[in-house]
Amino acid sequence: MQQALRIPVSGAEAIDGTDLIGHAEAFRNARKPSLTAPPAKSETRGLPLVIRDLRKAFGDNEVLRGIDLEIPAGQFVAIVGQSGCGKSTLLRLIAGLDKPTSGTISFGETAARPEDIRVMFQEPRLLPWARVLGNVEVGLGRERKAAGAHERARQALEEVGLAEKRDQWPAVLSGGQKQRVALARALVSGPRLLAFDEPLGALDALTRIAMQRLLERVWADQTFTAILVTHDVAEAVALADRVLVIEDGRIAEDISVDLPRPRQRGSAELAALEGSILGQLLGPGTAG
Ligand SMILES: Nc1ncnc2c1ncn2[C@@H]1O[C@H](COP(=O)(O)OP(=O)(O)OP(=O)(O)O)[C@@H](O)[C@H]1O
Ligand SMILES: [Mg+2]
């Protein structure tokens, strides 16, 4: 069963002409007013996150060695760090998919419900035997059989620009489209915290930029708290309010990205910030 759930990602898939037009339209449509004026904190439905002295060891391997972190409701936080430094481990702990060795993770005053927190992974993990709409409905969990489930799934598909693909099988979709279905599945339950583990890592450069804009737009529209693990520092500074660098099992840097949205990719300010974070990641004297 587990095997059947795994669908290989076809790597950097080329996008065809139709997709390119779709992306160009998505770029234009993405310029919604909400992006230029991000929601005030009081309007957010995001969950705040407070982590205290979080530790996680696998046998002798102490991966997280005392993480202390406060994320206000609705903030967009990116996490970067060298491969194996514990980024996915941290996300799994936040999402409740694994248990800490010690320390605490809390979400404000109210207890988070399972549907409040969703994770999106690098592989879309779609069910091959279910059509696109059915795949999105999976994200509703227990509410999948409730009245209105179809409509909620349809709206989530519309949010990611894929309403017309509702009756398709996953196998006929491009890599970028599969990730958009996975995003719709994550959004359909109306999560208050969405964690992304390298969700765009397998996409080609153009599709990746279109997806980054889509992520930013749905975050601005839906006001959840976003935690994005990425290897791509340019992506981190383009999207996040704040970038955390993990090193030696702790947060080594906590950098605020205080630039207005939508951000100008390729701007001198973003490039300078990216350079300084890369310098931190690669060590002294290595950033160009
Ligand atoms: N279930 C597990 N059992 C044993 N060790 C694990 C387990 N999960 C992770 N680890 C170890 O914890 C460390 C951190 O892994 P993790 O997947 O969190 O790294 P990462 O920062 O996400 O790396 P990458 O950027 O390559 O995805 C690694 O040394 C890994 O081998
Ligand atoms: Mg990882």
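The following exchange examines how several descriptions of this predicted model are justified.

User: What makes up the overall architecture of the chain, and how much of the chain is buried?

Analyst: The chain has 10 helices and nine strands. Buried residues account for 40% of its 288 residues. Among contacts between residues at least 6 apart in sequence, 75% join residues at least 24 apart.

User: Why is Ala153 called buried or exposed?

Analyst: Ala153 has 25 other C-beta atoms within 10 Å. The threshold for burial is 20 or more, and Ala153 is therefore buried. This residue sits in helix α6 (residues 149–159). Leaving aside neighbours within four places in sequence, Ala153 is in contact with Leu133, Val136, Glu137 and Val188. The C-alpha atoms of Ala153 and Arg166 are separated by 9.1 Å, with their positions 13 residues apart along the chain.

User: How is the burial class of Trp129 decided, and where is this residue found?

Analyst: Trp129 is found in the loop between β5 (117–120) and α5 (132–137). For Trp129 the count is 10 other C-beta atoms within 10 Å. A count of 12 or fewer defines an exposed residue, so Trp129 is exposed. Its C-alpha atom is 9.4 Å from that of Ala171, a residue 42 places away along the chain.

User: What makes Leu126 buried or exposed?

Analyst: Leu126 has 23 C-beta neighbours inside 10 Å. Since burial requires 20 or more, Leu126 counts as buried. Leu126 is placed in the loop between β5 and α5. Leu126 and Pro170 are 44 residues apart in sequence, and their C-alpha atoms are 6.9 Å apart in space.

User: Which burial classes apply to Asp53 and Thr223, and why?

Analyst: Asp53 has 13 C-beta neighbours inside 10 Å. The exposed class ends at 12 and the buried class begins at 20, so Asp53 counts as partly exposed. Thr223 has 20 such neighbours. Burial begins at 20, and Thr223 therefore counts as buried.

User: What is the sign of phi in Asp53 and in Thr223, and where do these residues lie?

Analyst: Phi of Asp53 is near 40 degrees, a positive value in a residue other than glycine. Asp53 lies in strand β1 (residues 49–58). Phi of Thr223 is near 60 degrees, again positive in a residue other than glycine. Thr223 is in the loop between α8 and β7 (225–229).

User: Why is helix α4 described as largely enclosed by the rest of the structure?

Analyst: Helix α4 (residues 87–94) has eight residues, and seven of them are buried, so the helix is largely enclosed by the rest of the structure. The buried residues are Lys87, Ser88, Thr89, Leu90, Leu91, Leu93 and Ile94. Gly96 follows α4 and has a positive phi, near 75 degrees.

User: How do you know whether α7 and α8 are roughly parallel or roughly antiparallel?

Analyst: Helix α7 (residues 175–187) and α8 pack at an angle of about 15 degrees. Angles under 35 degrees count as roughly parallel, and α7 and α8 are therefore roughly parallel to each other. Their axes are 11 Å apart, and α7 passes α8 in a right-handed crossing. On the α7 side, Gly175, Gly176, Gln179, Arg180 and Leu187 take part; these meet Thr207, Ala210, Met211, Leu214, Val218 and Gln222 in α8.

User: Which residues touch the most other members of the largest nonpolar core, and which helix gives the most to it?

Analyst: The core has 72 residues, of which Ala184, Ala240 and Val243 touch the most other members. Helix α8 (residues 205–222) gives the most to this core, with seven residues. At least three residues of the core come from each of domain 1 (45–112 + 194–281) and domain 2 (126–191). Leaving aside neighbours within four places in sequence, Ala240 is in contact with Phe76, Val77, Ala78, Leu228 and Val257.

User: Is the peptide bond from Arg261 to Pro262 cis or trans, and where is Pro262 placed?

Analyst: With omega near -5 degrees, the peptide bond from Arg261 to Pro262 is cis. Pro262 is placed in the loop between β9 (250–256) and α10 (268–282).

Terms used:
Residues are numbered from 1 along each chain as its sequence is written. Chains are lettered from A and ligands numbered from 1 in the order in which they are written. This is a predicted model: local features need pLDDT of at least 70, side-chain atom pairs count only at pLDDT 80 or more; totals for chains, interfaces and linings use all residues. A nonpolar core is a set of buried Ala, Val, Leu, Ile, Met, Phe, Trp, Tyr and Cys residues joined through C-beta atoms within 7 Å. Helices (H or I, at least four residues) and strands (E, at least two) are DSSP runs, numbered from the N terminus. Domain bounds come from an automatic or database domain assignment. Two residues are in contact if their C-beta atoms, placed from the backbone, lie within 7 Å. Axes are lines fitted to C-alpha atoms, for helices over the stretch in contact, and angles run from 0 to 180 degrees between N-to-C directions. Angles under 35 degrees count as roughly parallel, over 145 as roughly antiparallel, 65 to 115 as roughly perpendicular and the rest as oblique. A crossing is left-handed if the near helix is turned anticlockwise from the far one by less than a right angle, and right-handed if clockwise.
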